[in-house]
Each structure stands twice: as structure tokens, then as C-alpha cells.
Amino acid sequence: MNPYKETVDWLDRRIGIRALLHQQLTGYLLPRNINIWYTMGAVLMAMFGLQFLTGILLLVYYVPDTEKAFASVTMIMNEVPYGWLIRYLHVVGSNLIIVFLLLHMLSVLYMGSYKRPRELTWVSGFILFNLGLVFCLTGYLLPWSQLSFWATTVATDAAGAIPIVGDFLIEFLRGGPSVGEATLGRFFALHVMGLPMAFLALVGFHLFCVRRIGISAPPFGEEYQPKLTYGFGHEEHPNGVPFHPHYTVKDLAVVFFALALLVAITFYAPWLFIPLDALTPADPFTTPEHIKPEWYFLWAYQTLKIFPSEFLGLAAQGAAMGFLAMLPFIDRGPERRPVKRPIFISLYLLGILLFVGLSMWGHYS
Amino acid sequence: MDDATPKERRTFLTVILGGVGAVVAAVAGWPLFRYLSPIDKGSAEDLVRVARQEVAVGGAHFFSYQGRPAVLLQPSAGEFLALSAVCTHLGCIVKWVDDKQEFLCPCHGGRFSPAGQVLGGPPPTALESYPVSLDGEDILVG
Amino acid sequence: MMRLKMMRRVSAVILACLLFLPLWVQAEETVCLQCHAGLEERLSAPVGQWRGSIHAQNGISCHDCHGGDPTDFEMAMSPERGFIGVPEYIEVPEFCGRCHLGVKEDYLASAHGKALELWGPQCVVCHGNHAVEKATIDLINPDSCSRCHEYERAAQVKQIISATEATLVELEASVADLHRVGFDMQRLREDLFSQRNSFRRLFHTVAPERIKKQTAEFDAGLATTREQIEDYEDSVEKRKIAGGAVVVLLLLGGCVALLIKRTFHDEEG
């Protein structure tokens, strides 16, 4: 009697598990030349999973009240056993997630995988990226530190540059004329309930699209030929390698390395992502000097500064983000090989340089 | 390594990977367990101080002792009793009935004497009692 | 065509970035600073000196010492609004002592303080005025002290306090480091702050015998503080070792997974 076999047999008779596993894992063939960038999805799933876990744990002790929030975080950091570990994993994890989201997006752009028929995968992924940023923005306020308070004040204030509805929008975002209890309430609800729900639904859709359309073959090597698709067709890779175990083990390896990076930063340099102002409780009457947004918002911060009016800056940001979101509908040629897309690749590199340049400028100005 | 077939090597490596996974899970599990365990506030709270005037003669004063509901009585002037206020039947909090000078549990009608003895109803045992001492104008419990 | 348009759009954005210089948003400043910055050298120098001072760092501005109304150009220097202006030489200890109470008390009772009416040294003689820096033991030095008297006695005081003073500085740095990595240091910081203040009060008496006697008490108090700080530092070290072990474990896991992946390659030849 083999208990493992017994269990599988039992499940097989009920839900046809063997056929399902074969279809989704062992019989699901991936292109042979699939590369390391294809593991970013798995890494992000693991990291987000960890955020859910550490987030739920933080909720055990966190109090969403302007009078008590900072003290509750201080308690988590100092009195609750291993509270510092849970909180730092959550903080460092959120920053690493942005890094991996960017890498995921950049690799998809480079390989042209966003192109038809994968427009929906791209758009859902792009929305997920933005959800990630909103996660960060809302989570930032919760500890109710000087940094939380003023970063949120500045971020919500930017909405005021929008003509006509600007002032209303600021108050709507804050739930009042300035950042306060009402803001904490709505940001808290969004961070721990609204966003996770939307996130899960969207990840489900994203993965569905990936599986339903099939993995895109990397646009490299001699055998690659651009294809024009018309009707729906799952992209098959008849000579490919099975998803499991050949590819899952590679996913697993990269997940291990990503976790090692997370743990290393958490234990050795958590202050990388915790500016000094995050260690002082919020004081609505004293603006600290040199308040700067997190590194992933520096580009936006600098854009707002260099344009002659805030509205133009905001419009430029909106245009850039809108352009990225709509990219598969603008860039419609079937060619995916980077060498055959010199204009796109030049723009791609310029875009990265612009992002890095603006961020550095924002950091040092 | 040269003699082993890839399959044999794989089996060996998978066992190691399983081991690493198990150790990682254990290492992660311990902080999780400690994080969720009740925080030990130390023994400073062992003694509870209640002002003497809070407890009337023939009356009852409810307070929290080591995180649990408890009650102080003064059956006759200068005589103090401290009891757990948790009914031994199903854990409801007993009420003090002034007229009858006894405890009544509102859940299933258990009755206790001022000393905590069961007078009637379903409770299986007496209410736990705590040591009491006097310190000037205060009563010390515990 | 599409791509050309795209390129034009992006290059427009880049051009815009290069053309428009950043708009600097100046923080609001008191009228004292705004007006004095533009006056003749004698009256504008304090502004620059103050900017680099410990007072500026701690948010102590002109009006906190000199009084007046920092929000109103017209009335800024009106006695009605509490303007004091520049204190006389002899008034300086009272002027600074409004905040530095303890030090003032011990100073006034000291040889320095008693000589005040005979132009004995007051606060700014050693500490300077607008450019005042965080006080360190190096304020006691031959150049400064021998302006008035032989350095010998000052050197004696410096020698007695230097070890304790160094400990104070070192412990303060440790507390700041621990705070930086997320520990709640409020209690220890307040504790150290009060020990430091009492100690600095003490050596403003400039009486070597008394300082020597009481320094021993401070050393004992600081030893207790040091023990508590070392407990924290120990736990930081332990965390790092544990974290290192976990990192190694995870890297090992990653490598084993990669090796497993290789067995599939080998199988296929």
C-alpha cells in the first residue's frame, strides 16, 4: 500500500486529478530556449505571497488610529518577539517587489511579448504594476511617522494640479482638507482589504491569459519567425520541455535566490528603505526638511519639479503611463526580435536612461 | 559523480532540496510561533492593588486579576475575600446578588456562596479563591 | 510612421526636460532672516553664522533668543512684541541661561562666574555666539584658555573629565546607531541626555577637586547605561548571525535546485 498513490487515486476518481496535472504541469510544454526572465512571474508570486503573510501578521498588533499607530509599530519593533523581523520583511519585500515588477516589465518589453495576441496580458500586468505602487503608497502612511504623514501630504497634494476638480480631488483622497484620521482610515481599508482583493482577481486574470494564450517563445535564435495571428490559437511548443519538473525547478531556484536577497537586506541593511524621518511620530505642524518620496516615485517627483506648471508635469506623467499601458495597441507590427526593432530598442534604452536620470536628479536635488 | 546516472543524481539532490526546504520551514516557523504567542508581561502584575474604599461591607467589587475577571468581597467589616468571577460551569461571569448575599451565574443559574462554594445549579466545583492581604488603605490580591 | 510619431513624442518630452530649469521652492523664512541677509556685513554676518549652528539644527531661530515678532516686518524689532536685541557683556549669562538653566547656575557659582563683573569670561567667550556649535571637550584648549590665564588648571580639568566625556560621546553614538536600526531608544536617550547635562553642569564649576570627586559617580551611572546598550548590541549581532545562516541556507537551496535542473539537461545529452 502506497499512501501517496492511494490519495492520488482517490482524488483521480473524484476530480480527475491525473489528467489535470498532466494537462497543466507535465504535459504543458514550454519553449526550449526559455530564459531566466521568464521566472520573474514566479518570483513575484512568491514575494507577494510573503507580503500577504507578513501583512496579516502585522495586522495582529497594528492599530489604525492616529494616536496609536506609531506606538503600535514601535511595539511591534521592540516588544513583540520577532516583530522587527516580520515588519522588516514586509518593508524590504515591498521594495523588492517593485524591483522585480520593473524587471518583469522590462524583459517583456525587450522581447516584445506584449504584442498581439497578448495585449490583455500586458494591460492586466500594467494595472498590477500600478496596484503595486498604490499598495506602497497606502502602506507608507500606516506607521503614522513624519515620513508617512508628509509623503502622503505631498503625494495627495499633486492631485490639486488637475484643473477644475483638483481641489475636490485632494479632499476626496484625504477624506478631509488635510491628511488626518480620515486619511488613515481610507488608506488602511484600501491597503489591507481593497487592494488585496483587486490584486488577487487581477493576478487570476493575468495568469489565465498567460496559460490560455500560451507562453511566448523568446524571439531569439535562427528558428524564430515572427507570426501574424488572426483567430484565437493557443501557442503550442511541440518539441518543448515540460513545465513540471523541468521549469518549476528553475522557478524554484530563482525564488530561493530572491528570498536570499530579501533576507540579506532584511538582516543587514533594512535602513536602506527606512529614512530617518520614518523613526519620528507624525507631527502635522512641523514639516521635516528634505522630504523625498521613495526611490520608485522619484522620477514622478522630479518630473513635477522640472515642468513649468504642476499640471503639465502631471500631464506628462499621465501621457507616459498611458502610452505604456496602450503600447500593444500602438506598436502593432508582428516583429519581436530586438535586432530588427532598432527604433523601439533605442526608445527602450532612452526610456530606461530617462527613468534612472530623473530618479538620480530627484535624489540629489 | 561520474558513475551516477542523472536520474540517481536527481533523486539524491531532491532529497537534499527537501531537507533544505524542511529546515527553512522550521527556521521560519519558530519566529511565527513566537510572534503569535502571548507576550509575557513579567511578574509585576502578579499583585493587584485595590483601594479599600472600593469594596463596601456586604458589597462586591469586580476587577481584573492576571487578565481574568475576579471579585473582592467584604462580608463583615475588615474581612476581605478575593475570588475568581468565572463560573466553573461554562465560563460565564457570575453576578453578585446583594439581597441574597450570594453569586448567581446568569447563564445556567449556578449559585455560589460568598466563600465560593457551590450552592446549587450545574457548576461542578467551587470558585477559585485568591490570597488577600492589607497594605494601609489598599487591599493586595495575589 | 507609428514609430516615427512615437519617437517625436518622446524626444519632445526629453527636450522639455532639458529646457525647463527646475523651479526651486524656497522654504518660508522668518522676516529676521529675510531682512538681515541683505544688510551690510556687520548685520548680515549672523545669518550665515547661525545657519551652520547647532541652534539652527535644533530649530532655535533669532527670535527665540532676541525676542521680537518673526512674522511682521514692521513690528519685528518692537519692544512691544518682546524684542530684546543685543545683551550687554554682563547680561549674557542670563540671556543664554533662560534655556541653559543648570549650566548657568553652576557657572555663576564658579570662579569664572564670580569674575563676571571684572570682565571675567561668560558663555560666548568660549562658545561663540551665532555660530555656536555642539559643545565638545575641545573647547578647552591652550589657545582659548590662555587668553586669560595659564592653561595648567584648565588642562587639569580637561584631564579629569576627558574619559567620562569620551564615554558620553561614544554611548550617544551607540544609541543613535541602535535607533537607526529600529530600536526604541527613547528611555536610554533621555537617560543619557540628563546624565550629560548634569555632567556638563558640573565642569562649568571649574573646580578640579569637586569635579574629580563627582566624576566617579557619573562613571558608575554610565557603566549601567553601557550595559543596557551592550545588551541591545548583542542582540543585533545575534540577529546578523542568524540572518547570515538563513541566507546561506536559501542560497544552498537555490544551488541544489539548479543542479537538479542540470540533470534534465544531462539526460537529454
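## Helix crossing between chains A and C

In this predicted model, the crossing of helix H10 of chain A with helix H13 of chain C is left-handed. The contact of H10(A) with H13(C) is made up, by class, of 19 nonpolar, five polar and four charged residues.

Two packed helices are described by the angle between their axes and the distance between the axes. For helix H10 of chain A, which runs over residues 243–268, and helix H13 of chain C, which runs over residues 208–268, the packing angle is about 165° and the axes are 8 Å apart. Angles over 145 degrees count as roughly antiparallel, and H10(A) and H13(C) are therefore roughly antiparallel to each other.

## The contact of chain A with chain C

Chain A contributes 33 residues to its contact with chain C, and chain C contributes 31 residues in return. On the side of chain A that touches chain C, the elements giving two or more residues are helix H4 (69–78), H10, helix H11 (298–306) and helix H14 (342–364) of chain A. The most comes from H10(A), which gives 14 residues to this side.

By class, the residues that chain A presents to chain C divide into 25 nonpolar, five polar and three charged.

## The contact of chain A with chain B

In the contact between chain A and chain B, eight residues come from chain A and four residues from chain B. Helix H5 of chain A, spanning residues 83–110, gives the most to the side of chain A that touches chain B, with three residues. The residues on that side of chain A comprise six nonpolar, one polar and one charged.

## Overall form of chain A

The secondary structure of chain A consists of 14 helices and two strands. Its radius of gyration is 23 Å, close to the 21 Å that the globule rule gives for 365 residues, so chain A is as compact as a globular protein of that length. The C-alpha trace of chain A spans about 65 × 60 × 35 Å along its principal axes.

## An annotated span in chain C

Residues 241–260 of chain C are covered by the annotation "transmembrane region", which comes from an unreviewed UniProt entry. In the model, the span of residues 241–260 of chain C is 100% helix and 0% strand, and its end C-alpha atoms lie 29 Å apart.

How values were computed:
Residues numbered from 1 in each chain as written. Chains lettered and ligands numbered in written order. Predicted model: local features only at pLDDT ≥ 70, side-chain atom pairs only at ≥ 80, totals over all residues. Axes fitted to C-alpha atoms, helices over the stretch in contact; angles between N-to-C directions. Helix = DSSP H or I, 4+ residues; strand = E, 2+ residues; numbered from the N terminus. Parallel < 35°, antiparallel > 145°, perpendicular 65-115°, else oblique. Left-handed = near helix turned anticlockwise from the far one by under 90°. Nonpolar A, V, L, I, M, F, W, Y, C, P; charged D, E, K, R; others polar. Contact = placed C-beta atoms within 7 Å. UniProt positions renumbered as here; feature names shortened; annotations may be inferred. Rg over C-alpha atoms; globule rule 2.2 N^0.38 Å.
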